[in-house]
Amino acid sequence: RELLLVHKGANKTLESDDLPKLSWNNGAEAVHARFAAAWADERRKAKPSLLRMVLRMYRWSLLKSFVLALLAQLSVLAVPLVIGPMTAFVESYQDDDAANDAPFYLGFVYLAVVLAGMLLNAFAMPHALSTMLRCGVRARIMLMTGLYRKALRLSASAGQEFDTGHVLTMISSDATRIAETSQWVTIGLTSPLLLITILVLLLVQLGAFALIGLAVMIVVTFVNGYVAKKWTDFTRDKLRHTDRRTKFENELFQGMRVVKMYGWEASFLEQVFDVRVLELRLVRKMHLIRIVLLFFMQCTPTLTAMLTFLAFGAAHPDRFRPGLIFSSLAYFNALRIPLLMMAFCLAIIAQAKVALDRGQAFLLAPEIDAEHDEHYTRVEDDELGHHHQHHHQ
């Protein structure tokens, strides 16, 4: 079906009728019904948590994706595990003594192990990402409908705290950010496990000299923690400026006739640009931090391998064999994947955490009196019914 859609899109502009129909289970009505029931149960607890509720709702999908991502992550160790025996296999045929030759079929066994690892990675990782992406889309729909309905019931005091710009940013940007983050959650959770596995294998192969790499990893972990904290702080400040800018723009569009009548365009634009400059400064700081973080992640495996081999070669020159060198280098190169994924996932998960905290604070805000509930419920049901009818028409 996807290939037919690509072929159709190449010949004409795609319209809504060309796209496959969304299942009822993934529709806004069904997703919001599940969210409303889960959030009502969560609010009865002493300390409600939106994050805990989302994890409880999608725990089985998260577990499935975690297992698949873990298998995909561990499958990259197939090459480092067999490269040492493969080197020894090739070296055995370099000797003149045929009695020392390894069985010929072992070469095919090693190739089969490498192929199996590649196939497992190609199967498991897309399925893990697809599962979490589906959960992310549902979480986005859930938050957008939940925040919209909450905005209709917001009390007057809470309305002063959460202005229009704040609400619009949460419904649009924050919900989308959570959906984009979802597919990287399990990779961020499994990358430390892969990192620990590689360090253990290096410890078995190189002995105490692998502790040099462990020391470097500990330093990198502390740097990652500090960078993640700074990233979270900058994200929170940036969203606050984004709320202000959205509020100014919304007021500008609502009062456009008055602004044009009195010639206030320059004054309003100056306010919007001032806030935008502050917002872009924080964006620049966030990208600089990300560049520094990626630089450390790229250099760490090379630096670790260099220091470890210098110490090991000086202490055991007789054990410095090609099989040991190639397999150890393969392990150090495999470190690059979890380190990069941890750096990337820490950054986007920190942004998603800020978005969830903002959404939770809004959902826990006071609502209007019970006597007005019937009126607002009727208003929103009429709006939803009108939208549903217009969609069918």
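Helices, taken as DSSP runs of at least four residues, and strands, taken as runs of at least two, are numbered from the N terminus. On this basis the predicted model contains 14 helices and zero strands in the protein chain, and the succession of elements from the N terminus on accordingly reads α-α-α-α-α-α-α-α-α-α-α-α-α-α.

Confidence in the prediction varies along the protein chain, for which the average pLDDT is 79, with 90% of the residues scoring at least 70. The highest mean among the elements, 89, belongs to helix H4 (residues 59–75), whereas the lowest, 47, belongs to helix H14 (residues 373–392). Over residues 383–393 the pLDDT stays under 50, and for this segment the model has two contacts beyond four places in sequence.

With regard to overall dimensions, the radius of gyration of the protein chain is 28 Å, as against a value near 21 Å for a compact globule of 393 residues. Along the principal axes, the C-alpha atoms fill a box of roughly 95 × 50 × 45 Å. Among contacts with a separation of 6 or more, 82% are accounted for by residues 24 or more positions apart. Of the 393 residues in the protein chain, 39% are buried, and the accessible surface comes to about 23000 Å², with 66% of this area belonging to carbon and sulfur atoms. The protein chain carries 41 positive and 36 negative charges, and the mean positions of these two sets are 2 Å apart.

Two residues were examined individually, one in helix H6 and one in helix H8. Arg-138, which lies in helix H6 (residues 105–152), has a relative accessibility of 16% and therefore counts as buried, the cut-off for this class being under 20% relative accessible area. When neighbours within four places in sequence are left aside, the contacts of Arg-138 are with Asn-25, Asn-26, Val-31, Arg-34 and Tyr-58.

Thr-181 is located in helix H8, which spans residues 164–182. Its relative accessible area is 6%, so Thr-181 is likewise buried under the cut-off of 20%. With neighbours within four places in sequence again set aside, Thr-181 is in contact with Ile-348, Ile-349 and Ala-352.

Methods. Residues are numbered from 1 along each chain as its sequence is written. This is a predicted model: local features need pLDDT of at least 70, side-chain atom pairs count only at pLDDT 80 or more; totals for chains, interfaces and linings use all residues. Side-chain values use heavy atoms; hydrogens and water are left out. pLDDT is the predictor's confidence in each residue, from 0 to 100. Contact means heavy atoms within 4.5 Å. The radius of gyration is taken over C-alpha atoms; the globule rule is 2.2 Å times the number of residues to the power 0.38. Buried means under 20% relative accessible area, exposed over 50%, partly exposed in between (1.4 Å probe, protein chains only). Accessible areas come from the Shrake-Rupley method with a 1.4 Å probe; for residues, only the protein chains shown count as cover. Lys and Arg count as positive and Asp and Glu as negative; His and the chain ends are not counted. The place of a charge is taken as NZ of Lys, CZ of Arg, CG of Asp or CD of Glu.
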